[in-house]
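Good morning, and thank you for coming. Please look at the structure on the screen while I go through its pockets, one pair of helices and a single loop residue.

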Amino acid sequence: VTLQGDMALSYVRARGSLADSSNLKRMERQRLYVKELVGKLSEKVKTDEYFLRELFNGVSSYITSDCTVNQIIRLSEGWEELTDWELKTIDGEAIVGDEFMEFYPNEEALKELVLDSFYVPLDE
């Protein structure tokens, strides 16, 4: 199934109108959408060398950046080669609070994620 426009927006935003209305489920749908989007973009970039420039020019009125299109293109060089990427999540528990759903991260899992993502040991 290919979602476009309002259908895609509803898919990644919907929460309250679904049977399982938790934010965690919405975030799972967002991760799936981004993963599939990156795959489709990678395919397009490999077959059309001007695609990224056309894409950035097309969305320029919707974004704010102090980078030029050429700078953004240079920053994105090589991204289509990424095959082993994953969006990181933190284990935890969603609980119904007084007004909203509340998320409580597993402190040990959070610490492990931060260390795995950002810690680089110094050579002795």
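The second largest pocket of this predicted model has a volume of about 270 Å³. Its lining is made up of 14 residues, and those that lie nearest the centre are Asn23, Leu24, Met27, Ile90 and Phe103. Three elements each give two or more residues to this lining: helix H2, strand E1, which covers 92–96, and strand E2, which covers 101–105. Of these, H2 gives the most, with five residues. By class, the lining of the second largest pocket holds six nonpolar, four polar and four charged residues.

Let us turn to the largest pocket. For this one, the volume is about 370 Å³. Which residues line the largest pocket? From the start of the chain come Val1, Thr2, Leu3, Gln4 and Gly5, followed by Ala8 and Tyr11, and then by Leu32, Tyr33, Glu36, Leu37 and Lys40. Both H1 and H2 supply at least two residues of this lining. Here, too, H2 gives the most, with five residues. The lining of the largest pocket consists of seven nonpolar, three polar and two charged residues.

I now come to helix packing. In general, two packed helices are described by the angle between their axes and the distance between the axes. In our model, the axes of H2 and helix H3, residues 51–59, come within 8 Å and cross at roughly 125°. Why are the two helices called oblique to each other? An angle from 65 to 115 degrees would count as roughly perpendicular and one over 145 as roughly antiparallel; the crossing of H2 and H3 fits neither range, and the pair is therefore oblique. On the H2 side, the contact is made by Leu41, Lys44 and Val45, and on the H3 side by Phe51, Leu52 and Leu55. These residues divide into five nonpolar, no polar and one charged.

Finally, please find Ala14. This residue is in the loop between helix H1, 5–13, and helix H2, 23–47. Is Ala14 buried or exposed? Its relative accessibility is 19%, and buried means under 20%, so Ala14 counts as buried. Leaving aside residues up to four places away in sequence, Ala14 touches Arg26 and Arg29. As for Met27, which is 13 residues from Ala14 along the chain, the C-alpha atoms of the two are separated by 10.0 Å. Met27 is also one of the residues nearest the centre of the second largest pocket, with which I began.

Technical notes:
Residues numbered from 1 in each chain as written. Predicted model: local features only at pLDDT ≥ 70, side-chain atom pairs only at ≥ 80, totals over all residues. Heavy atoms only, no water. Helix = DSSP H or I, 4+ residues; strand = E, 2+ residues; numbered from the N terminus. Buried < 20%, exposed > 50% of the residue type's maximum accessible area, 1.4 Å probe, protein only. Contact = heavy atoms within 4.5 Å. 1 Å grid on protein atoms, 1.4 Å probe; cavity = no way out; pocket = protein on both sides within 12 Å on 5 of 7 lines; lining within 4 Å. Points joined across faces, edges and corners; volume = space filled by probe spheres on them. Nonpolar A, V, L, I, M, F, W, Y, C, P; charged D, E, K, R; others polar. Axes fitted to C-alpha atoms, helices over the stretch in contact; angles between N-to-C directions. Parallel < 35°, antiparallel > 145°, perpendicular 65-115°, else oblique.
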